[in-house]
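User: Got a minute to walk through this one with me? I'd like to start with where a helix stops, then go wherever it leads.

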Amino acid sequence: MSELEPFIKLADPSAYAPCEWDMRTDHESREHWAPFFQSHFETILGLGIDVAVARGEPMESAKARADACRIDFNAVIDHFRAHFATYTEPVTILTLDERRDKVLRKHGFVDAFQDLKQRENERVYHLLPQVCR
């Protein structure tokens, strides 16, 4: 195979839209998801601080990065909510997720869930042979 192709079972992959809510025109979705992303961001930042401190970063430094990150992300969401009609491309929860990830990475929070995922993997690793059977 010279070119990678997606492993999908869609009748028409070109017509697939992973998220059909366009928050530019769907007021109810916009007013639900935009504030949700902002409030959930606090959870992610808390985990990100924990990961940074566990790896030796001083708490004050991690909190300062989180504060700057929060300001940037809130500006993204606030701008969208105030100027949604000016966006030329659809805005979905996936779009907001991509923007959130970009802001987190900009501030050095690459995987805030790293330690949580590791703990959960360790808790269930012993089940892997049974699952594979």
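User: What follows H1, and what is its phi like?
Analyst: Gly56 follows H1, and its phi is positive, near 100°. Bear in mind that this is a predicted model.

User: How many residues does H1 have, and what does it reach end to end?
Analyst: H1 has 28 residues. From first C-alpha to last it reaches 41 Å, close to the 40 Å expected at 1.5 Å a residue.

User: And H2, what should it span?
Analyst: H2 has 25 residues, so at 1.5 Å a residue it should span 36 Å. Its end C-alpha atoms are 36 Å apart, which agrees.

User: Which residues of H2 are buried?
Analyst: Ala62, Ala66, Cys69, Phe73, Ile77 and Phe80.

User: What covers them?
Analyst: The cover over the buried residues of H2 includes H1 and H3.

User: Ala64 is in H2 too. Buried, partly exposed or exposed?
Analyst: Partly exposed, at 45% relative accessibility. The cut-off for exposed is over 50%, so Ala64 does not reach it.

User: How far is Ala64 from Ala15?
Analyst: They are 44 Å apart in space, C-alpha to C-alpha. In sequence, 49 residues separate them.

User: Now the core. How many residues are in the largest nonpolar one, and which have the most contacts inside it?
Analyst: That core has 23 residues. Phe41, Leu45, Cys69 and Leu104 have the most contacts inside it.

User: Which elements give two or more residues to it?
Analyst: Helix H1 (27-54), helix H2 (59-83) and helix H3 (93-106). The largest share, 9 residues, comes from H1.

User: Why would nonpolar side chains gather like that?
Analyst: As a general tendency, nonpolar side chains in soluble globular proteins are buried together.

User: Back to Phe41. What is it in contact with, leaving aside neighbours within four places in sequence?
Analyst: Phe41 is in contact with Cys69, Arg70, Phe73, Arg100, Val103 and Leu104.

User: How do H1 and H3 pack?
Analyst: At an angle of about 35°, with their axes 11 Å apart. The crossing is right-handed.

User: Which residues meet there?
Analyst: From H1, Trp33, Ala34, Phe37, His40, Phe41, Ile44 and Leu45. From H3, they meet Ile93, Leu96, Asp97, Arg100, Val103 and Leu104.

User: Switching to charges. How many salt bridges are there in the whole structure?
Analyst: A search finds 10. One pairs Glu42 with Arg70, at 2.6 Å, N to O.

User: What does the Glu42 and Arg70 pair tie together?
Analyst: Glu42 lies in H1 and Arg70 in H2, so the pair ties together parts that are 28 residues apart in sequence.

User: Are those two buried or partly exposed?
Analyst: Glu42 is partly exposed, with a relative accessible area of 35%. Arg70 is partly exposed as well, at 22%.

User: Which residues are linked with them in a network?
Analyst: Asp67 is linked with Glu42 and Arg70 in a network of salt bridges.

User: What does Glu57 form a salt bridge with?
Analyst: Arg65, with the closest N and O atoms 2.7 Å apart. Glu57 counts as buried at 19% relative accessibility. Arg65, at 22%, counts as partly exposed.

User: Those values sit on either side of a cut-off, then?
Analyst: Buried means under 20%, so Glu57 at 19% falls inside that class. Arg65 at 22% does not, so it is called partly exposed.

User: Last one. What does Arg24 pair with?
Analyst: The side chain of Arg24 meets that of Asp22 in a salt bridge, 2.5 Å from N to O. Asp22 counts as buried, at 14% relative accessibility.

Note on methods:
Residues are numbered from 1 along each chain as its sequence is written. This is a predicted model: local features need pLDDT of at least 70, side-chain atom pairs count only at pLDDT 80 or more; totals for chains, interfaces and linings use all residues. Side-chain values use heavy atoms; hydrogens and water are left out. A nonpolar core is a set of buried Ala, Val, Leu, Ile, Met, Phe, Trp, Tyr and Cys residues joined through side-chain atoms within 4.5 Å. Buried means under 20% relative accessible area, exposed over 50%, partly exposed in between (1.4 Å probe, protein chains only). Helices (H or I, at least four residues) and strands (E, at least two) are DSSP runs, numbered from the N terminus. Contact means heavy atoms within 4.5 Å. A salt bridge is a side-chain nitrogen of Lys or Arg within 4 Å of a carboxyl oxygen of Asp or Glu. The expected span of a helix is 1.5 Å times one less than its number of residues. Axes are lines fitted to C-alpha atoms, for helices over the stretch in contact, and angles run from 0 to 180 degrees between N-to-C directions. A crossing is left-handed if the near helix is turned anticlockwise from the far one by less than a right angle, and right-handed if clockwise.
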